[in-house]
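Me: I'd like to go through the labels on this model and ask what stands behind each of them. Can you set the values against the cut-offs for me?

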Amino acid sequence: MKKLNLANLPTKIYKLERLSKELDAPIYIKRDDQTGSEWSGNKIRKLEFAVQEALEQGCDMLITTGGIQSNHCRATVAVATYFGMKSAVLLRISEQPPLKGNYFLDLLLGADVKFCTKEEYKRRDEIMAQMAEEYRKQGYKPYVIPEGASNGIGTLGYYNAMNEIVMQEKELGIKFDTIVVATGSGGTCAGLNLANIVKGYGRRIVSMAVCDDVEYFQKKALEISIEALPYLVSQGEITDERGEELRKSLKMADFEINDKYVGIGYALSRPEELEHIKKTARTEGVIFDPVYTGKATYGIRCELEEGGSLRGAGNILFIHTGGLFGLFPISETFDVS
Ligand SMILES: *Cc1c(COP(=O)(O)O)cnc(C)c1O
């Protein structure tokens, strides 16, 4: 499919030996946290498609939005600067933020930053449209990317990632029965499931919510998937008729969401989650982030206990979607003695 080639792909897959032994289940990891450095994580796969479109349209600026420690905003800013484009990010805050983590990198990479409150963030698309209008008056040609690049075009990044996994299975001589991923804005979940359905892979995909609930994400993933269909048609992946058929047949229940590990809320950590992050760092040498992958893998740990929903799930593949920079602003909350 037509996209930029920015990420280091395919990302490595290997078995987490100690964790598999501890939890008595075969658990593998796909290192989408290693898609790059400045643009590391899952968002770059979506940006490869979105920014391709921006460049085709002759845009010279990217505008996007997210929380103060948004990995997506940092990756977008990095890509913009890489192409010599201007960038601006609308960041949600509750108080004056410390100059740390992704927010620090946004500024270091040269982005214009505009803050908004949690209340204003509900109107983020409207505010970004206003920002775009202002920049247009200054002579820029901005391209606006929604939260998480979770829209029809962005989700193609994870449609591709699902195909990549199936290709890697052949090389590795293994089949992944269950794929687990964290979900925050729904685009990663939508893309993986869409490829699974379109290509008839028949895998189980479990999306671990880090905010909101099952209904919210099923609705969101369905919306994004339907929005992606015209792109799949124009990219020659499916015919018009197949697109129409899918538009009618896709349903909320196609997306398995687990919302039991949101914990005390988005970007807020419980001691057991931090303990889990420390433990996997020390046994596997893999660092999970507190906002997404730490919660999702803590969910895997709990769901593998007696009677849990991942017992008997076969070979499990967890996609590590990144987020390392978001760990540093909360380093003081860890007991690393
Ligand atoms: C954004 C993000 C996710 C969630 O992906 P969505 O497509 O937004 O649901 C997971 N992990 C990390 C580290 C992220 O930054």
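Me: What makes strand E8 (residues 204-209) and E9 count as joined?
Reply: The pairing rule asks for at least two DSSP bridges between two strands. E8 and E9 have 3 bridges and run parallel, so they pair by that rule. One of the links puts Met208 with Asn258 in E9. The strand names are DSSP runs of at least two residues (helices, H or I, need at least four), numbered from the N terminus. This is a predicted model, in which local features need pLDDT of at least 70 and side-chain atom pairs count only at pLDDT 80 or more, while totals for chains, interfaces and linings use all residues. Residues are numbered from 1 along each chain as its sequence is written, and side-chain values use heavy atoms, with hydrogens and water left out.

Me: Which strand does Met208 in E8 share with Ala182 as its opposite number?
Reply: Met208 belongs to E8, and Ala182 stands opposite Met208 there. E7 and E8 run parallel and are joined by 6 bridges, so this pair also clears the at least two that pairing needs.

Me: What is the strand order of the open sheet, and how are the strands paired?
Reply: The 6 strands go E1-E2-E10-E7-E8-E9, and the pairing is mixed. Strand E1 (13-15) and strand E9 (256-258) stand at the edges: each has a single partner strand, so one side of each has no neighbour in the sheet. Direction ignored, neighbouring strands here are turned by 30° against each other on average.

Me: What makes the pairing "mixed"?
Reply: Look at the two sides of E2. E1 and E2 run antiparallel, with 3 bridges, and Lys15 stands opposite Tyr28 in E2. E2 and E10 run parallel, with 5 bridges, and Lys30 is opposite Ile319 in E10.

Me: Why is E7 called mostly covered?
Reply: Buried means under 20% relative accessible area, exposed means over 50%, and partly exposed is in between (1.4 Å probe, protein chains only). In E7, 6 of its 6 residues are buried. Thr178, Val180 and Ala182 point one way, Ile179, Val181 and Thr183 point the other, and all are buried. In a regular strand the side chains alternate between the two faces of the sheet. E2 is mostly covered too, with 5 of its 5 residues buried: Ile27, Ile29 and Arg31 go one way, Tyr28 and Lys30 the other.

Me: Which helix lies across strand E2 (27-31), strand E7 (178-183), E8, E9 and strand E10 (316-320)?
Reply: That's helix H12 (residues 293-303), which runs at about 165° to E10. Such angles run from 0 to 180 degrees between N-to-C directions, with axes fitted to C-alpha atoms, for helices over the stretch in contact.

Me: Is Arg203 buried or exposed, and how do you know?
Reply: Buried: its relative accessible area is 12%. Arg203 sits in the loop between helix H8 (187-198) and E8. Its contacts (heavy atoms within 4.5 Å), leaving aside neighbours within four places in sequence, include Met162, Val166 and Phe176. The side chains of Arg203 and Glu169 are joined at 2.5 Å, which fits a polar contact: N or O atoms within 3.5 Å, where within protein one must be able to donate a hydrogen and the other to accept it, and residues adjacent in sequence count only through side-chain atoms on both sides.

Me: And what class does Arg247 fall into?
Reply: Arg247 is partly exposed, because its relative accessibility is 43%. It lies in helix H10 (residues 240-249). Its side chain makes a polar contact of 2.6 Å with that of Glu244. Beyond its neighbours within four places in sequence, Arg247 touches Ile226 and Leu229.

Me: How many residues surround the ligand, and which are closest?
Reply: There are 16, and the closest are Lys43, Lys46, Ser185, Thr188 and Thr321; a residue is near if one of its heavy atoms lies within 4 Å. Polar side-chain atoms approach ligand oxygens at 3.0 Å from Asn42 and 2.6 Å from Lys46. For Thr188, a side-chain N or O atom is 2.7 Å from a ligand oxygen. Taken alone the ligand exposes 370 Å², and the protein buries 98% of that.

Definitions and conventions
Accessible areas come from the Shrake-Rupley method with a 1.4 Å probe; for residues, only the protein chains shown count as cover.
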